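Dear colleague,

Here is the structure I promised to pass on to you. My notes on what turned up in it follow below, set out so that you can keep the coordinates open while you read.

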Amino acid sequence: MVFPSLSSSVAVGALIGWMLVLTAKHVVADFFLQTHWMAIGKDQKIGWAWPLLLHCSIHLGLTTALMLIIAPRFWFIGLIDFAIHILIDRAKGFCVATFDVTRDHQWFWWLIGTDQALHHLTGFALSIWLAAQG
């Protein structure tokens, strides 16, 4: 995957469209379809793998379905989204579990904010790439 140069032009309409689609997908997968078991489980010291895999598989399924509907030649974007999502969420979970970070601690909210920012930057990067592909 080659990222377009910053001086290249990308269709603004396509960029905005992809951003809206991928942001809506992220909100649905992270907030409507993520259960308490997934949200708490993926941040545990042990037993984190299944909740994390299920949660990231929801992202995989939704992203792949959207790609198949909107731009079938980009079906593989779901796999990229899955891989990046699992890395970001595992890193956050590792920090929460290793340092016993609870919701009462400021670090918890810093980790949540960083986690969400990285997911949105992922969507932005994918949107730029998709928009550049025409």
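Asp89 and Lys42 are joined in a salt bridge, with 2.8 Å between their closest N and O atoms; please keep in mind here, and throughout, that the model is a predicted one. This pair links distant parts of the chain, since Asp89 sits in helix H4 while Lys42 belongs to the loop between helix H2 (36-41) and helix H3 (49-70), 47 residues apart. Asp89 has a relative accessible area of 0% and is therefore buried, and Lys42, at 4% relative accessibility, counts as buried because the cut-off for that class is under 20%.

A second bridge involves the loop between H2 and H3 as well: Lys92 forms a salt bridge with Asp43, the closest N and O atoms being 3.0 Å apart. Because Lys92 lies in helix H4 and Asp43 in the loop between H2 and H3, this pair ties together parts that are 49 residues apart in sequence. Lys92 and Asp43 are both buried.

Helix H4 (residues 77-98) also takes part in a bridge to helix H1, where Lys25 of H1 and Asp81 of H4 are 56 residues apart and so link distant parts of the chain. The side chains of Lys25 and Asp81 meet at 2.7 Å, N to O. Are these two partners buried or exposed? Lys25 has a relative accessible area of 6% and is buried, and Asp81, with 8% relative accessibility, falls into the buried class too. In general, side chains of opposite charge can pair when their charged atoms come close. The count for the structure comes to four salt bridges, and the three described above are among them.

As for the overall architecture, the protein chain has five helices and zero strands, which gives the pattern α-α-α-α-α when it is read along the sequence. The C-alpha atoms fill a box of roughly 45 × 30 × 25 Å, taken along the principal axes, and 38% of the 134 residues count as buried.

The largest nonpolar core is made up of nine residues, namely Trp18, Leu22, Met67, Ala71, Phe74, Ile77, Leu126, Trp129 and Leu130. Helix H1 (12-32) and helix H5 (106-132) each supply at least two residues of this core, and the largest share, three residues, comes from H5. H5 itself has 27 residues and spans 39 Å from its first C-alpha to its last, which is close to the 39 Å expected at 1.5 Å a residue. Just after H5, Gly134 takes a positive phi of about 80°.

Aromatic side chains deserve a separate paragraph, as a search of the whole structure finds six aromatic pairs. One of them is formed by Phe74 and Phe76, which are arranged edge-to-face, with 6.2 Å centre to centre and 75° between the planes. Phe74, a member of the core described above, counts as buried at 6% relative accessibility, whereas Phe76 counts as partly exposed at 26%. Another edge-to-face pair consists of Phe108 and Trp109, with 4.8 Å centre to centre and 85° between the planes. Here again the two partners fall into separate classes, with Phe108 buried at 11% relative accessibility and Trp109 partly exposed at 46%. Ring pairs also link Phe74, Trp75, Phe76 and Trp129 into a cluster, and of these residues Phe74 and Trp129 are members of the largest nonpolar core.

Finally, on the outside of the model, Val27, Val28, Phe31, Phe32 and Leu33 make a nonpolar surface patch of about 460 Å². Val28, which is found in helix H1, has a relative accessible area of 31% and is therefore partly exposed; a residue needs over 30% to be included in a patch, so Val28 qualifies on that criterion.

With best wishes

Methods
Residues numbered from 1 in each chain as written. Predicted model: local features only at pLDDT ≥ 70, side-chain atom pairs only at ≥ 80, totals over all residues. Heavy atoms only, no water. Core = buried A, V, L, I, M, F, W, Y, C linked by side-chain atoms within 4.5 Å. Buried < 20%, exposed > 50% of the residue type's maximum accessible area, 1.4 Å probe, protein only. Helix = DSSP H or I, 4+ residues; strand = E, 2+ residues; numbered from the N terminus. Patch = residues over 30% accessible without salt bridge, like charges linked within 9 Å, V, L, I, M, F, W, Y side chains within 5 Å. Areas by Shrake-Rupley, 256 points an atom, 1.4 Å probe, with all protein chains shown as cover. Expected span 1.5 Å × (residues − 1). Phe/Tyr/Trp six-rings, centres within 6.5 Å; stacked < 30°, edge-to-face > 60°.
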